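Reader: Could you take me through this model at an unhurried pace? I would like to begin with the overall layout and then go on to particular contacts.

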Amino acid sequence: MKRIICALALGVGSSMAMADSGFNQDSFYAGAGLSLNSLSGYDDAMGYQVFAGYDLDFLNLGAVRMAVEVGYMNTGNFEFEETFFGQTFTFETSASGLWAAGVITYSLSDRFDVVGRLGLDFGDDDGLLLGGGVGYRVADQWGVRAEYVMRDNVDSLQLNTAFRF
């Protein structure tokens, strides 16, 4: 796990170093959203996430864009009930923490995108995260995304909005 974290840190660091010569403050964006989270054996939970990203605009790949994102997620409370000897008990758990991901976006048109992500979760559900979805640019500096993100234990259906600076 430490090797993966070091590799990710080196990759992000070298990307930022390359971006230093072509740094563009317009490439920054931030967002937030709601998520419907599932955890095996528990009822689904409603949570949230906040994130910030930077477009790697020094890479000219035509309709494909790349970015790095960091964020925080909270799943909300997962619950399940169990009855022992006529007495019902409610059990709760949740997951939260920081994450970092590389994001690839492919533009289908001037407004619609397909989004993919691969990264690491550093919180309660630490390990790899993988996701995909669609995006719609409402305006030049505002967009919405619907994504499905899988972590080691928690899967999330997310609806996010992002604002560019």
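Author: What follows is a conversation about the fold, the salt bridges, the aromatic pairs and the surface patches.

Author: This is a predicted model, in which local features need pLDDT of at least 70 and side-chain atom pairs count only at pLDDT 80 or more, while totals for chains, interfaces and linings use all residues. Residues are numbered from 1 along each chain as its sequence is written, and side-chain values use heavy atoms, with hydrogens and water left out.

Reader: What does the secondary structure of the chain come to?

Author: The chain has one helix and 10 strands, and from the N terminus on the elements run α-β-β-β-β-β-β-β-β-β-β. Helices (H or I, at least four residues) and strands (E, at least two) are DSSP runs, numbered from the N terminus.

Reader: And how much of the chain is buried?

Author: Of the 165 residues in the chain, 34% are buried. Buried means under 20% relative accessible area, exposed means over 50%, and partly exposed lies in between (1.4 Å probe, protein chains only).

Reader: Switching to charges, how many salt bridges does the structure hold?

Author: The structure holds eight salt bridges, each being a side-chain nitrogen of Lys or Arg within 4 Å of a carboxyl oxygen of Asp or Glu. One of them joins Arg 164 to Asp 55, with the closest N and O atoms 2.6 Å apart. Arg 164 lies in strand E10 (residues 154-164) and Asp 55 in strand E2, so this pair ties together parts that are 109 residues apart in sequence.

Reader: Are those two partners buried or partly exposed?

Author: Arg 164 counts as partly exposed at 29% relative accessibility, whereas Asp 55 counts as buried at 14%.

Reader: Which side chains does Asp 113 meet in salt bridges?

Author: Asp 113 meets Arg 65 in a salt bridge (3.4 Å, N to O). Asp 113 lies in strand E7 (residues 112-121) and Arg 65 in strand E3 (residues 64-74), so the two tie together parts that are 48 residues apart in sequence. Asp 113 also meets Arg 137 in a salt bridge, at 2.5 Å, N to O. That second pair links distant parts of the chain, with Asp 113 in strand E7 and Arg 137 in strand E8, 24 residues apart. Asp 113 counts as buried, at 6% relative accessibility.

Reader: Now the rings, please: how many aromatic pairs turn up?

Author: A search of the whole structure finds eight aromatic pairs. Rings of Phe, Tyr and Trp (its six-membered ring) pair if their centres lie within 6.5 Å, and planes under 30 degrees apart count as stacked, over 60 as edge-to-face and the rest as tilted. The ring centres of Tyr 42 and Phe 80 are 5.0 Å apart with planes at 80°, so that pair is edge-to-face. Tyr 42 lies in the loop between strand E1 (28-39) and strand E2 (45-55) and Phe 80 in strand E4, so the contact ties together parts that are 38 residues apart in sequence. Ring pairs also link Tyr 42, Phe 78, Phe 80 and Phe 91 into a cluster.

Reader: Where does Ser 38 sit relative to Phe 78?

Author: Ser 38 lies in strand E1, and its C-alpha is 8.0 Å from that of Phe 78, although the two are 40 residues apart in sequence.
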